[in-house]
Amino acid sequence: MKAQSLSDRGAVDSARGLQAGGIHFGPRRFLREDEERIRSRSYRELEVRPLAPTVGAEIGGVDLADLDEASFREIQRAFLDYKVLFFRNQPLTTAEHTAFARRFGDLEEHPFLPAKDGHGDVIRFAKDEETVGVENNWHSDVSWRERPSLGSVLRSVEVPEVGGDTLFADMTAAYDGLSDELKTFLADKVAVHDFTQAFGWQLDPEARAARQKEFPPVEHPIVRTHPETGRKILYVNVIFTSHIVGLPAEESAALLASLYREAHVPEYQCRFHWEKDSVALWDNRAVQHYAASDYWPKARVMERVTIIGDRPA
Ligand code: SIN
């Protein structure tokens, strides 16, 4: 006798996931097409080792301090495909770190995070027994800016042997995995992004008001189109997005909560374990990230530069 298929047994196996017995089993087949497209690329200058089907690759065979044009062009291509690239054994000076990032665009100074002494465009995340890591919430860097970041380059200075990984979620895959109904509903919706949600608490009322004048809340499309790949991306994040314009508060909060959960789906993620002198380059337009804060009281020191992007459309 022929075995019953899942659909004979009442299961719905859609691109979005398998629904069976009242349980939702997560996304399934739709990543395949993108993976095949990405894997069909060939590289002459780089060794490319994917960490997950559509997001994250470790890159070997290059020295970021001394990068020729051909290798840089391949890095640009891999960056667009894999959305986050990792490089090991790159003992960069601060000048080399910023010079590599500047090849992608101008760098910003972050108004709320601590800068490295003498380098306004280098953020220093220094954690130890006294300072616990608080970057453990999914986000895209500076989405509260009118022109949020194109990408970030993070360098490890001191890392714990175990723990302190950074996780990345492919928000292009997350968009692709939404139901057609939800995609249609979101198509013309915009959301407000506001720095006060994450940084407002550390400012006194006067400083907060001044900063709000400088950086007023901004509206970005919930689904943005990547300016270089043309792919659609789910562009809301739990720490900077405050509400959806035009929806009642409760409806907006409930919809945002479900959209934020898309970054939690393991099939959309990769995870990187840092060693000293590792470097990550990620596309803030296409991924969100989460720094696991599981290493206290050990030290973890990282330096980040943030490349200015364009206005989401
Ligand atoms: C960040 O949120 O940019 C910091 C990421 C990390 O420390 O891994």
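Which residues in H8 are buried? Keep that in mind as you open the model, which is a predicted one.

**Stop 1: helix H8**

Select residues 249–260, and you have H8, a helix of 12 residues. From the first C-alpha to the last it reaches 16 Å, close to the 16 Å expected at 1.5 Å a residue. Now show the side chains of Ser-252, Leu-255, Leu-256, Leu-259 and Tyr-260: these are the buried ones. They sit on the same side of H8, because they cover an arc of only 135° around the axis.

Turn the helix to see the face pointing away from that buried side, and pick out Glu-250 and Ala-254, which are exposed. Then go back to the buried residues and add their packing partners to the view: helix H5 (180–186), strand E14 (232–234) and strand E15 (241–244).

**Stop 2: the ligand**

Next, click on the ligand and bring up what surrounds it. Phe-125, Glu-135, His-139, Asp-141, Leu-154 and Thr-166 are among the residues there, and so are Trp-282, His-289, Ala-291, Arg-300 and Arg-304.

Three of these side chains deserve a distance label each:

- His-139: an N or O atom of its side chain is 3.1 Å from an oxygen atom of the ligand.
- Arg-300: a polar side-chain atom lies 2.8 Å from a ligand oxygen.
- Arg-304: here too, a polar side-chain atom is 2.8 Å from an oxygen atom of the ligand.

How much of the ligand's accessible area does the protein cover? On its own the ligand has 260 Å², and the protein covers 99% of that.

**Stop 3: some backbone oddities**

Before the last selections, a reminder: most peptide bonds are trans, and most residues other than glycine have a negative phi.

Jump to Trp-296 and Pro-297, which are joined by a cis peptide bond with omega about 10°. Pro-297 belongs to the loop between strand E18 (287–291) and strand E19 (300–308).

Now select Val-142, in the loop between strand E8 (119–127) and strand E9 (149–158). Its phi is positive, about 45°, although Val-142 is not a glycine. Is Val-142 buried or exposed? With a relative accessible area of 1%, Val-142 is buried.

Finish at Asp-277, in the loop that runs between strand E16 (269–272) and strand E17 (279–283). Asp-277 is another non-glycine residue with a positive phi, near 65°. Its relative accessibility is 16%, so Asp-277 counts as buried, the cut-off being under 20%.

Definitions and conventions
Residues are numbered from 1 along each chain as its sequence is written. This is a predicted model: local features need pLDDT of at least 70, side-chain atom pairs count only at pLDDT 80 or more; totals for chains, interfaces and linings use all residues. Side-chain values use heavy atoms; hydrogens and water are left out. Helices (H or I, at least four residues) and strands (E, at least two) are DSSP runs, numbered from the N terminus. The expected span of a helix is 1.5 Å times one less than its number of residues. Buried means under 20% relative accessible area, exposed over 50%, partly exposed in between (1.4 Å probe, protein chains only). The arc is that of the directions from the helix axis to the C-beta atoms. Contact means heavy atoms within 4.5 Å. A residue is near a molecule or strand if one of its heavy atoms lies within 4 Å of it. A polar contact is a pair of N or O atoms within 3.5 Å; within protein, one must be able to donate a hydrogen and the other to accept it, and residues adjacent in sequence count only if both atoms are side-chain atoms. Accessible areas come from the Shrake-Rupley method with a 1.4 Å probe; for residues, only the protein chains shown count as cover.
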